[in-house]
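Trainee: Hi, have you got a few minutes to go through a model with me? I'd like to talk about what sits inside and what sits outside.
Mentor: Sure, put it up and ask away.

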Amino acid sequence: MAFQNLRQMPIFAGFSDEQFAALKTQSEEVRLEPGQMLFYEGDPPQGLFVILEGELEIIKRIGAQNVVVASVQAGTFVGETSLLTGLAHSAAARATVPTVCLKYGAGLFQGLRDSPIVQLVIMTMVERLRDTESQVQQH
């Protein structure tokens with residue numbers, strides 16, 4: 001799926017022509033081979049990655065094991081939690097097949113973290129997510 005096919009992705013369906021044009025100019029393409037890591041658990045935020053083609057598995061270290069906790073397909077994105085909070089990645093992402101992503105660098109989102117109310121909402125969401133993750137790991 002090439003960049004021009006983004007319009008068929010549900011997450012971009014409501015974008016105007018101007019917004020769609022900005023998507024192209026603000027991104028950089030990242031290509032991964034099977035087994036190649038997009039980012040590791042503990043890495044600092046790098047940006048938002050929109051998956052154009054392929055698949056990523058999300059891997060979380062639980063105790064002494066690496067556990068695949070999710071599979072992410074084309075048409076979705078990863079990296080949003082660390083990007084919005086400024087915290088390290090809470091999991092790793094690895095390509096399972098040849099994968100193409102668009103990377104939107106962390107600098108594009110810096111203004112969001114400057115607002116105290118936005119920061120409060122984001123941190124509350126992350127705390128709730130981590131509480132849920134903790135409960136899942138206990139079972």
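Trainee: Let's start with Phe-39: is it buried or exposed?
Mentor: Phe-39 is buried, with a relative accessible area of 5%. Keep in mind that this is a predicted model.

Trainee: And Phe-49, buried or exposed?
Mentor: Buried as well, since its relative accessible area is 1% and the cut-off for buried is under 20%.

Trainee: How do the rings of Phe-39 and Phe-49 sit relative to each other?
Mentor: Their centres are 6.0 Å apart and the planes are at 35°, so this pair counts as tilted. Phe-39 belongs to strand E2 and Phe-49 to strand E3, so the pair ties together parts ten residues apart in sequence.

Trainee: What else does Phe-49 touch?
Mentor: Leaving out neighbours within four places in sequence, its contacts include Val-30, Leu-38, Thr-76, Val-78, Cys-101 and Leu-102.

Trainee: Which residues touch the most other members of the largest nonpolar core?
Mentor: Phe-49 again, together with Leu-38, Leu-56 and Val-78; that core has 14 residues. Strands E1 (27–32), E2, E3 (47–53), E4 (55–62) and E7 (92–95) each give two or more residues to this core. Apart from it lies another core of 13 residues, including Leu-6, Leu-23, Leu-52 and Phe-109. As a general point, nonpolar side chains tend to be buried together in soluble globular proteins.

Trainee: Back to rings. How many aromatic pairs does the structure hold?
Mentor: Two. Besides the tilted pair of Phe-39 and Phe-49, there is Phe-12 with Phe-15, whose ring centres are 5.2 Å apart with planes at 85°, so that pair is edge-to-face.

Trainee: Are those two buried or exposed?
Mentor: Phe-12 is buried at 7% relative accessible area, while Phe-15 is partly exposed at 29%.

Trainee: Changing topic: how many salt bridges are there?
Mentor: Three. Arg-94 meets Glu-57 at 2.5 Å, N to O, and this pair links strand E7 to strand E4 across 37 residues of the chain. Glu-41 and Lys-60 form another, at 3.1 Å, with Glu-41 in the loop between E2 and E3 and Lys-60 in strand E4, 19 residues apart. Then there is Glu-29 with Arg-31, where the closest N and O atoms are 2.9 Å apart.

Trainee: Which of those charged residues are buried?
Mentor: Lys-60, at 11% relative accessible area, and Glu-57, at 17%. Their partners are partly exposed: Glu-41 at 33% and Arg-94 at 28%. As for the remaining bridge, Glu-29 is partly exposed at 46% and Arg-31 is exposed at 57%.

Trainee: What does Met-37 touch?
Mentor: Not counting residues up to four places away in sequence, Met-37 touches Leu-32, Ala-92, Ala-93 and Arg-94. Met-37 is in strand E2, residues 37–39. Its C-alpha atom is 24 Å from that of Ile-11, 26 residues apart along the chain.

Trainee: Last one: where is Met-125?
Mentor: Met-125 is in helix H4, residues 116–138. With 52% relative accessibility, Met-125 counts as exposed, because the cut-off is over 50%.

Trainee: What patch does Met-125 form with Ile-117, Leu-120 and Val-121?
Mentor: A nonpolar patch on the surface, with about 400 Å² of accessible area together.

Conventions:
Residues are numbered from 1 along each chain as its sequence is written. This is a predicted model: local features need pLDDT of at least 70, side-chain atom pairs count only at pLDDT 80 or more; totals for chains, interfaces and linings use all residues. Side-chain values use heavy atoms; hydrogens and water are left out. Helices (H or I, at least four residues) and strands (E, at least two) are DSSP runs, numbered from the N terminus. Contact means heavy atoms within 4.5 Å. Patches are made of residues with over 30% relative accessible area and no salt bridge: like charges are joined within 9 Å, nonpolar side chains (Val, Leu, Ile, Met, Phe, Trp, Tyr) within 5 Å. Accessible areas come from the Shrake-Rupley method with a 1.4 Å probe; for residues, only the protein chains shown count as cover. A salt bridge is a side-chain nitrogen of Lys or Arg within 4 Å of a carboxyl oxygen of Asp or Glu. Buried means under 20% relative accessible area, exposed over 50%, partly exposed in between (1.4 Å probe, protein chains only). A nonpolar core is a set of buried Ala, Val, Leu, Ile, Met, Phe, Trp, Tyr and Cys residues joined through side-chain atoms within 4.5 Å. Rings of Phe, Tyr and Trp (its six-membered ring) pair if their centres lie within 6.5 Å; planes under 30 degrees apart count as stacked, over 60 as edge-to-face and the rest as tilted.
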